[in-house]
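Here is a short report for a first look. Take the sequence and the model together, then read on.

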Amino acid sequence: CLVSSDGGSTQLKAYKMMTSPHGIALVISNIKFDTLSGLSYRAGADVDENKLQELFGSKYLNYKVVLLKNLTGKQIDLAFRLVSGHEGFTYAKLHKNDREALKALSDGSNLISANHDSFVCCLLSHGKEGVVYGTD
């Protein structure tokens, strides 16, 4: 129920969250950028990571939080393909460099499944309207 400033209320429809955990909360945090990119170090970003992990973790919203750090643009795309099970895309198909960066998605337990009610993704990086930058 949503209460308005005039005292009236509106009944809102809610999505039932029945599974535990409710789903995967993928946090991609880019802090360090390649020198050639011209992008600066994101000081204090670790505080944001910790707050998101606390919020979406079992203490509050009950999601399984997966943190991936310092991903290139290609690795961000690969992370979404992996976590969603996109067209049979698997960790084993990754290049060695990408496997290390996406290791948290290697065993399958951090992937979206029918046993989850929802999926959340938070991208922490430099960017501009309509664009999120990878570390490269």
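## A parallel pair

I28 has L68 in strand 4 as its bridge partner. The route from strand 3 through helix 1 to strand 4 is a β-α-β crossover, and this crossover is right-handed. Right-handed means that, with the strands pointing away from the viewer, the path from the first strand over the helix to the second runs clockwise. Helices (H or I, at least four residues) and strands (E, at least two) are DSSP runs, numbered from the N terminus.

The model is predicted: local features need pLDDT of at least 70, side-chain atom pairs count only at pLDDT 80 or more, and totals for chains, interfaces and linings use all residues. Residues are numbered from 1 along each chain as its sequence is written, and side-chain values use heavy atoms, with hydrogens and water left out.

## The sheet

The sheet is open and has 3 strands, in the order 4-3-5, with parallel pairing. Strand 4 (64-69) and strand 5 (118-124) are at the edges with a single partner strand each, so one side of each has no neighbour in the sheet. From one strand to the next, the twist averages 15 degrees. Two strands count as paired if DSSP finds at least two bridges between them.

Strand 3 (residues 23-29) pairs with strand 4 in the parallel sense over 6 bridges. S29 also has its bridge partner in strand 4, namely K69. In general, strands of a sheet pair through backbone hydrogen bonds.

## Helices on the sheet

Helix 1 (residues 45-56) packs on the sheet and touches strand 3, strand 4 and strand 5. Its direction makes about 170 degrees with that of strand 5. Contact means heavy atoms within 4.5 Å. Axes are lines fitted to C-alpha atoms, for helices over the stretch in contact, and angles run from 0 to 180 degrees between N-to-C directions.

Helix 2 (residues 73-84) packs on the sheet too, touching strand 3, strand 4 and strand 5. Its direction makes about 170 degrees with that of strand 3.

## The whole chain

The protein chain holds 3 helices and 7 strands. Along the sequence they follow the pattern β-β-β-α-β-α-α-β-β-β. The C-alpha trace spans about 55 × 35 × 25 Å along its principal axes.

## Backbone exceptions

Most residues other than glycine have a negative phi, and most peptide bonds are trans. Which peptide bond is cis, with omega near -5 degrees? The bond from S20 to P21. P21 lies in the loop between strand 2 (9-10) and strand 3.

N62 is not a glycine, yet has a positive phi of about 60 degrees. N62 sits in the loop between helix 1 and strand 4. N70 is not a glycine either, and its positive phi is about 55 degrees. N70 is in the loop between strand 4 and helix 2.
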